Amino acid sequence: MTLQELLGKLEEYAPLRLSADYCRAYGAYDNSGIIVDSGKDVNGIMFALDLNTDVIKAAREKGYSTIVTHHPAIYGAILHVDSTPGADTQAIYECARNGLSVISMHLNLDITPGGIDESLMEACGGRKLLAVQEQVEGGAYGRVYSVQDRPFRAYFAEVKAALGAEHILAFGDMDRIVRRTASFCGAGCSDGAIDFAWKQGADVFVSSDMKHHQITSILNKGMCIIVPTHYAAELYGFRKFAKAAGAKAGVPSDIYCDSRIV
């Protein structure tokens, strides 16, 4: 199987068109698709949220030719390649040097049905979808949904367990009864997302990488907050994607998990 053929199989799950459509509609930026092409056939896939030297080591130990990431392996312009350990471009250098190909599936995987954002809703106990914040044909981001009624204390414990999260924060009244949640995968907390969740009557706001003024804004609007790491918020859905895509590809595959930041 060629790298282009593998990309075609991955697009059956999350078409690159979704990323392009979302960027046009909402002024976003992305760099999904083939990032490094070694010219080799695909004999195995290491799935990972991020590209780093530990992921490369894991792929090489398995003898795999290809890495599939969620976050783009190259996001902005690269003016020079530095192979120094710890340099931002070291992983790209190591892939090129060792003949490893890289495909990244980012915004398209976030918004596709069953993708990262919808999977976060599942992990948060979503029952009935009530509203979406941003939508393109065949994809959506930012969700408000009903959940089983229970105190925030119990709800937080269940979300933490579902995500397998070691590093996770909660703010708000622990005795408040939760009936409706808003969630936004990754760094999805914005003034627009906060306003959307509030107007939709959310009791809990779930997202990652929050700034202080965003936390205070959410609390001042009367919502509770759950803040998993960016990694934990997306690993839940990425694991589902890796399992499905690996089976579809028909070659050996594994998923690399960075336990330091879950």
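In which strand is Thr69 found? Thr69 is found in strand S3. Good morning, colleagues; I shall begin from that strand and then turn to the helices. The model before you is a predicted one.

Let me stay with Thr69 for a moment. Its relative accessible area is 0%, so Thr69 is buried. Setting aside residues up to four places away in sequence, Thr69 touches Ala48, Leu49, Asp50, Leu51, Val102, Ile103, Ser104, Met105 and Phe238. As for distance, the C-alpha atoms of Thr69 and Ile35 are separated by 10.0 Å, and these two residues stand 34 apart along the chain.

Strand S3 spans residues 66–69, and Thr66 also has its place there. Thr66 counts as buried, because its relative accessibility is 1%. Apart from its neighbours within four places in sequence, Thr66 is in contact with Leu3, Leu6, Val42, Gly44, Ile45, Met46, Leu100 and Ser101.

Leu6 leads us to the packing of helices. In general, two packed helices are described by the angle between their axes and the distance between the axes. I shall take three pairs.

The first pair is helix H1, residues 3–11, with helix H10, residues 230–249; their axes come within 9 Å and cross at roughly 130 degrees. H1 is therefore oblique to H10. The crossing of this pair, H1 and H10, is right-handed. On the H1 side, Leu6, Lys9 and Leu10 take part, and they meet Phe241, Ala245, Lys248 and Ala249 of H10. Sorted by class, this contact of H1 with H10 has five nonpolar and two charged residues, and no polar ones.

The second pair again involves H10, now with helix H6, residues 116–123. The axes of H6 and H10 are 8 Å apart, and the packing angle is about 110 degrees. Angles of 65 to 115 degrees count as roughly perpendicular, and H6 and H10 are therefore roughly perpendicular to each other. From H6, the residues Ile116, Ser119, Leu120, Glu122 and Ala123 meet Ala233, Glu234, Tyr236, Gly237, Phe238 and Lys240 in H10. The contact of H6 with H10 divides into six nonpolar, two polar and three charged residues.

How many of the eight residues of H6 are buried? Six of them are, so H6 is largely enclosed by the rest of the structure. The buried residues are Ile116, Asp117, Ser119, Leu120, Met121 and Ala123. Their cover includes helix H5 (107–111), strand S5 (129–136), strand S6 (139–151), helix H7 (152–163), strand S8 (177–183) and H10. After H6 comes Gly125, with a positive phi near 80 degrees.

The third pair is helix H3, residues 53–62, with helix H4, residues 90–98, whose axes lie 9 Å apart at an angle of about 20 degrees. That angle makes H3 roughly parallel to H4. Here Thr53, Ile56 and Arg60 of H3 meet Gln90, Ala91, Glu94, Cys95 and Asn98 of H4. The residues of this contact of H3 with H4 comprise three nonpolar, three polar and two charged.

I turn now to the nonpolar cores. The largest has 67 residues, and those touching the most other members are Leu6, Val68, Met105, Tyr155, Phe205, Ile226 and Phe241. H10 supplies the largest share of this core, with eight residues. Apart from this core lies another, of 18 residues, including Val36, Ile56, Ala59 and Ala91.

Which residues is Ile226 in contact with, leaving aside its neighbours within four places in sequence? They are Phe152, Tyr155, Phe156, Val159, Ile168, Leu169, Val204, Phe205, Val206, Ser207 and Met210.

Phe205 appears once more in the surroundings of Ala197. The place of Ala197 is in helix H8, residues 191–199. Ala197 counts as buried, because its relative accessibility is 0%. Not counting residues up to four places away in sequence, Ala197 touches Val144, Ala182, Phe184, Ala202, Phe205 and Met223. The C-alpha atoms of Ala197 and Ala58, by contrast, are separated by 40 Å, with their positions 139 residues apart along the chain.

My last residue is Asp209, in the loop between strand S9 (204–206) and helix H9 (212–220). Is Asp209 buried or partly exposed? Asp209 is partly exposed, because its relative accessible area is 45%. Its phi is near 60 degrees, a positive value in a residue other than glycine. Thank you for your attention.

Terms used:
Residues are numbered from 1 along each chain as its sequence is written. This is a predicted model: local features need pLDDT of at least 70, side-chain atom pairs count only at pLDDT 80 or more; totals for chains, interfaces and linings use all residues. Side-chain values use heavy atoms; hydrogens and water are left out. Axes are lines fitted to C-alpha atoms, for helices over the stretch in contact, and angles run from 0 to 180 degrees between N-to-C directions. Helices (H or I, at least four residues) and strands (E, at least two) are DSSP runs, numbered from the N terminus. Angles under 35 degrees count as roughly parallel, over 145 as roughly antiparallel, 65 to 115 as roughly perpendicular and the rest as oblique. A crossing is left-handed if the near helix is turned anticlockwise from the far one by less than a right angle, and right-handed if clockwise. Contact means heavy atoms within 4.5 Å. Ala, Val, Leu, Ile, Met, Phe, Trp, Tyr, Cys and Pro count as nonpolar, Asp, Glu, Lys and Arg as charged, and the others, Gly among them, as polar. A nonpolar core is a set of buried Ala, Val, Leu, Ile, Met, Phe, Trp, Tyr and Cys residues joined through side-chain atoms within 4.5 Å. Buried means under 20% relative accessible area, exposed over 50%, partly exposed in between (1.4 Å probe, protein chains only).
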